[in-house]
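Here's a quick walk through the ligand site, the pockets and one of the sheets. Have the sequence and the 3D view open as you read.

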Amino acid sequence: MIQHKQLQNGFKYMEINNVYASAKIALQGAHIWAYTPKDKSDLLWVSEASYFEEGKTIRGGIPVCFPWFGKHATDASLPQHGFARTSLWKLVKEVVQADGSTLVRLELRETAQSLKLWPYKFTLTLDVHIADSLSITMSIKNADEKAFEVGTALHTYLHISDVEDVNIDGLQNTSYFDALTQSTQIQKDPLQIDKEIDRVYTVSNRVSMSDKHHTINIEPQGSNTLVVWNPWKKKSASMGDMTKDGYKTMLCLETANAREDVRVVKPQETHVMGVIYR
Ligand code: BG6
């Protein structure tokens, strides 16, 4: 079943319930903010203090970062992580498949406003497949006459038992850029976290994250970077949309095209990136 709903303030979203899972997707940002497989715990974390308002990103779920990741390379006044996550997308497809799973396609194109921030015509498509796994595919078509460079992320906030329980396997022997120390390092062992972390790993293989309750496999496509982020106590306290202890039960593992992995897309070409969580 697919239902179209809105909050009292007019914030629009879709609620999907099928034999495999339930999910919620906001039209602003094509933002998946809940995915719960049947008889399992929530995959995604959402801050209890998150905004659900026009023009403000949801703190949690899966923000879509586009057309740049992080701060804009040359103009710090431009919105962090681009404009896709606060733009209103168009729903172009909602299909219940023969096997009972659900496919939702949302689309974003350039507007007069986006052209002021980023002077290119594009078609950005997000395909979300809700089954016993959650599969997300982002297609970036260059609809302009000149090539563009694009940075992206599916900035996923995973819901975890406690950040200090977490063990991340699959990053061993990869290099990472540590944004906190501005240095490049090598990851030797499976990753465990006991303080603020903000790193861009160079990795294209499957990574798995285990906590006390479950193991989540993260299978990327068209991405050679995975961002690992947790703001920890001090930084969270400076963020208006985090509660005091919120950081403990979240970890961002973001399938990305960041830093050296930004992509050049030529006119009429399409770059496809995505991720499957199982
Ligand atoms: C991460 C970045 O992807 O997103 C961090 O690596 C950043 O540096 C974090 O702080 C959250 O960003 P925002 O804009 O959603 O607060």
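Start at Gln80: one of its polar side-chain atoms lies 3.0 Å from an oxygen atom of the ligand. Keep in mind that this is a predicted model, so read the distances as computed values. His155 and Glu254 also put a polar side-chain atom by a ligand oxygen, and the table gives the distances.

| Residue | Distance from polar side-chain atom to a ligand oxygen atom |
|---|---|
| Gln80 | 3.0 Å |
| His155 | 2.8 Å |
| Glu254 | 2.8 Å |

Who else is around the ligand? Besides Gln80, His155 and Glu254, the residues there are Arg59, Phe69, His81, Arg85, Asp198, Val227 and Trp229.

Now for the pockets. How much space lies in the largest pocket? About 1100 Å³. Its lining is made up of 39 residues, and the closest to the pocket centre are Phe69, Gly70, Lys71, Gln80 and His81. Three of these names should ring a bell: Phe69, Gln80 and His81 are also on the list of residues around the ligand. As for which elements give two or more residues to that lining, they are β10 (148-150), β16 (197-202), β19 (225-230) and β20 (250-257). Sorted by class, the lining of this pocket holds 16 nonpolar, 13 polar and 10 charged residues.

The second largest pocket has about 240 Å³ of space. Which residues line the second largest pocket? Going along the chain, you meet Asn9, Gly10, Phe11 and Lys12, then Leu27 and Gln28, then Glu54 and Gly55, and finally Thr86, Ser87, Leu88 and Trp89. By class, that lining has 4 nonpolar, 6 polar and 2 charged residues.

Last stop, a sheet. Four strands form an open sheet in the order β1-β2-β3-β4, and the pairing is antiparallel. Which strands sit at the edges? They are β1 (2-6) and β4 (31-37), each of which pairs on one side only. On average, neighbouring strands in this sheet are turned by 15 degrees against each other, if you ignore direction.

If you want to zoom in on one pairing, try β1 with β2 (residues 12-17): these two run antiparallel and are joined over 5 bridges. Within that pair, Ile2 stands opposite Ile16 in β2. Lys12 falls in the β2 range, and Lys12 also turns up in the lining of the second largest pocket.

Methods. Residues numbered from 1 in each chain as written. Predicted model: local features only at pLDDT ≥ 70, side-chain atom pairs only at ≥ 80, totals over all residues. Heavy atoms only, no water. 1 Å grid on protein atoms, 1.4 Å probe; cavity = no way out; pocket = protein on both sides within 12 Å on 5 of 7 lines; lining within 4 Å. Points joined across faces, edges and corners; volume = space filled by probe spheres on them. Nonpolar A, V, L, I, M, F, W, Y, C, P; charged D, E, K, R; others polar. Pairing = 2+ DSSP bridges. Axes fitted to C-alpha atoms, helices over the stretch in contact; angles between N-to-C directions. Near = heavy atom within 4 Å. Polar contact = N/O pair within 3.5 Å; in protein donor to acceptor, adjacent residues only side chain to side chain.
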